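Student: I should like to go through the ligand sites of this protein with you. May we begin once the structure is in view?

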Amino acid sequence: MIQQEIVLNKPDDMHLHLRDGDMLSAVAEHSARDFARAIIMPNLVPPVTTVQDALSYRQRIFAALGGDTSFEPMMTLYLTASTTRYDLEKAAASDMVKAVKLYPAGATTNSDSGVRDIQKSYRLFETMAELGLPLLVHGEVTDKEIDIFDREAIFIDSVLDPIRRAIPELRIVMEHVTTKNGVDYVASADSNLYATLTTHHLMLNRNAMLVGGLRPHYYCLPILKREEHRQALRAAATSGDARFFLGTDSAPHLSDAKESACGCAGVFSAANSLGCLATVFEEEKALVNLNAFTSINGANFYGLDINDVKIRLIRTSEPAIFPEHIGVGTETVTVFDPGMPIYWHVDHSITL
Ligand code: DOR
Ligand code: ZN
């Protein structure tokens with residue numbers, strides 16, 4: 001018999017871009033509807049580099065939600081060449097700031113302030129290990145001569161593994177892991193290494209983006225990989241292994257900025273991630289592990305209580321209808337279209 005409903009502790013999105021200004025106002029409610037908490041990425045312009053920046057950004061998020069405080073934004077700092085021990089101590093002492101994000105300079109959207117010489121950050125990594133402050137990594141090298149599809153695998157060998165060997169006490173999350181190499185590396189670690197996985201990398205391989213026409217709304221970083229990698233990600237996500245948890249990497253850009261000769265990287269999936277994920281877990285015959293992936297493993301990593309509030313997903317005989325776009329002023333953001341019918345959606349008509 002096909003399972004028709006599943007009840008989850010209200011999920012946490014452990015990797016989310018909410019942006020600022022009009023975009024923030026337009027997208028925030030879509031995360032707050034389906035998620036209890038989210039780890040908020042700091043790649044604004046200028047980036048969120050101090051606790052003070054993070055707290056004022058947090059206030060802007062609450063304002064965008066009309067003062068609704070039931071959704072908790074958990075803030076992060078952007079590691080730069082100017083980050084100091086003092087910044088890290090302040091972050092560790094703040095309940096509102098949960099982690100520090102490492103972007104190799106040039107790796108992705110708004111990463112110009114990122115780290116250029118990783119060796120210079122080792123002292124800060126030691127301090128973070130001492131303070132128990134997790135390091136979230138965008139795990140891609142940015143050398144021009146390295147093929148974009150190899151950036152993650154090379155990052156593991158040339159950047160991540162040396163950091164872990166030098167500072168084994170540092171708690172690290174490989175954000176949006178996209179390769180079998182990444183999954184295997186995390187699975188082989190004894191301790192202090194975790195990974196988030198996105199909705200879109202679980203649903204799509206690179207053919208979806210490149211075959212039969214170029215689909216800019218599937219362009220993201222790290223870029224979609226070949227099918228064998230997607231299969232490895234699905235196995236990890238659906239396994240129940242406590243080291244893997246959801247970070248949607250929902251990253252809105254205006255539709256015009258994506259449908260362009262030089263389109264921006266990012267997929268806006270906050271509005272329909274949970275229905276998509278239920279589909280993935282159903283296909284993998286692992287619905288029983290969906291709650292661990294969306295609602296337990298990430299909370300445990302960050303030392304948080306599991307959310308008491310519950311949500312219900314239901315499976316309908318007709319595909320769920322998600323909006324194609326959401327409005328941002330006179331412009332739009334295109335909602336993630338997984339390219340297949342999705343029969344699951346969150347039932348917002350009841351509170352459990
Ligand atoms: O696709 C992406 N978009 N990947 C990232 O790492 C950043 C994000 C963004 O901020 O647009
Ligand atoms: Zn991201």
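Student: At what distance does an oxygen atom of ligand 1 lie from an N or O atom in the side chain of threonine 108?

Tutor: The model is predicted, and the distance is computed from it. Thr108 is among the closest of the 14 residues that surround ligand 1. Between an oxygen atom of the ligand and an N or O atom in the side chain of threonine 108, the separation is 3.1 Å.

Student: What percentage of the area that ligand 1 exposes when taken alone does the protein bury?

Tutor: Polar side-chain atoms approach the ligand: an oxygen atom of ligand 1 is 2.8 Å from an N or O atom in the side chain of arginine 19, and a polar side-chain atom of histidine 138 lies 3.3 Å from a ligand oxygen. Taken alone, ligand 1 exposes 290 Å², and the portion buried by the protein is 100%.

Student: Where does ligand 1 sit?

Tutor: The shell around ligand 1 comprises four nonpolar, eight polar and two charged residues. As for its location, ligand 1 occupies the largest cavity.

Student: Which residues are the protein donors of the zinc ion (ligand 2)?

Tutor: In sequence, the donor residues follow the spacing H-x1-H-x231-D. The donor atoms are NE2, NE2 and OD, at 2.0 to 2.1 Å from the zinc ion, and they belong respectively to His15, His17 and Asp249.

Student: Is histidine 17 buried or exposed?

Tutor: Buried means under 20% relative accessible area. Histidine 15, at 1% relative accessibility, meets that criterion. Histidine 17 has 7% relative accessibility and therefore counts as buried.

Methods: Residues numbered from 1 in each chain as written. Chains lettered and ligands numbered in written order. Predicted model: local features only at pLDDT ≥ 70, side-chain atom pairs only at ≥ 80, totals over all residues. Heavy atoms only, no water. Near = heavy atom within 4 Å. Polar contact = N/O pair within 3.5 Å; in protein donor to acceptor, adjacent residues only side chain to side chain. Areas by Shrake-Rupley, 256 points an atom, 1.4 Å probe, with all protein chains shown as cover. 1 Å grid on protein atoms, 1.4 Å probe; cavity = no way out; pocket = protein on both sides within 12 Å on 5 of 7 lines; lining within 4 Å. Sits in = over half its atoms within 2 Å of the grid points. Nonpolar A, V, L, I, M, F, W, Y, C, P; charged D, E, K, R; others polar. Donors = N, O, S within 2.8 Å, 3.2 Å for Na, K, Ca; no water. Buried < 20%, exposed > 50% of the residue type's maximum accessible area, 1.4 Å probe, protein only.
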